[in-house]
Amino acid sequence: MKKLAIFLVSIFVINASFAEVKEIKLPYFNWKMKDAPGKDVFERNCLMCHSPGYIFDQSEGKSGKHLWEHVVHSMINDFKAPISEHDAKIIIKYLKENYSNTKKRILN
């Protein structure tokens with residue numbers, strides 16, 4: 001059994017030593033978020049996991065005056081995002097006041 005374990009580890013080490021390292025260049029998007037009250041709270045809570053583009057792509061095409069409430073509370077309740085209720089209110093207000101559901105307004 002010990003010989004088999006040594007053999008398997010050796011195979012793994014040999015394969016790992018021949019692994020090719022590839023450089024990947026990811027596209028860079030300079031999202032300019034509107035400066036307004038709540039931006040810092042939004043950035044601190046949301047951008048630790050998501051890019052602004054990802055956040056707005058998720059809401060694109062959806063509408064309703066409670067869209068951002070739904071999105072933010074879904075992140076908290078369904079995905080266990082560590083966002084306090086106080087911060088959630090600030091984030092929702094920032095998004096509602098500064099962004100609709102279209103990319104056009106984000107880039108302004």
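Me: Before we look at how two helices touch, what counts as a contact?

Reply: Contact means heavy atoms within 4.5 Å. In this predicted model, Trp68, Glu69, Val72, His73 and Ile76 of helix H4 meet Glu85, Ala88, Ile91, Ile92, Leu95 and Lys96 of helix H5. Sorted by class, that contact holds 7 nonpolar, 1 polar and 3 charged residues.

Me: Why do residues three or four places apart point the same way in an α-helix?

Reply: An α-helix has 3.6 residues a turn, so residues with that spacing face the same way. Keep that in mind as you look at Trp68, Val72 and Ile76, which are among the H4 residues that meet H5.

Me: How do H4 and H5 sit against each other, and at what angle do they pack?

Reply: H4 covers residues 67-77 and H5 covers residues 85-98; they pack at about 145 degrees, with axes 9 Å apart. The crossing of H4 past H5 is right-handed.

Me: Which residues of H4 are buried?

Reply: Those are Leu67, Trp68, Glu69, Val72, Ser74 and Ile76. They pack against H5 and also against helix H3, residues 52-59.

Me: And how should I read the confidence scores?

Reply: Where pLDDT is low, don't read the predicted coordinates in detail. Here the chain averages 83, and 89% of the residues score at least 70. Helix H2 (residues 39-46) has the highest mean of the elements, 94, while helix H6 (residues 103-106) has the lowest, 46. Over residues 102-108 the pLDDT stays under 50.

Me: What does UniProt list for residues 1-19?

Reply: Its unreviewed entry lists them as "signal peptide". In the model, that span is 84% helix and 0% strand, with its end C-alpha atoms 27 Å apart.

Definitions and conventions:
Residues are numbered from 1 along each chain as its sequence is written. This is a predicted model: local features need pLDDT of at least 70, side-chain atom pairs count only at pLDDT 80 or more; totals for chains, interfaces and linings use all residues. Side-chain values use heavy atoms; hydrogens and water are left out. Axes are lines fitted to C-alpha atoms, for helices over the stretch in contact, and angles run from 0 to 180 degrees between N-to-C directions. Helices (H or I, at least four residues) and strands (E, at least two) are DSSP runs, numbered from the N terminus. A crossing is left-handed if the near helix is turned anticlockwise from the far one by less than a right angle, and right-handed if clockwise. Ala, Val, Leu, Ile, Met, Phe, Trp, Tyr, Cys and Pro count as nonpolar, Asp, Glu, Lys and Arg as charged, and the others, Gly among them, as polar. UniProt positions are given in the numbering used here, feature names are shortened, and annotations may be inferred rather than shown by experiment. pLDDT is the predictor's confidence in each residue, from 0 to 100. Buried means under 20% relative accessible area, exposed over 50%, partly exposed in between (1.4 Å probe, protein chains only).
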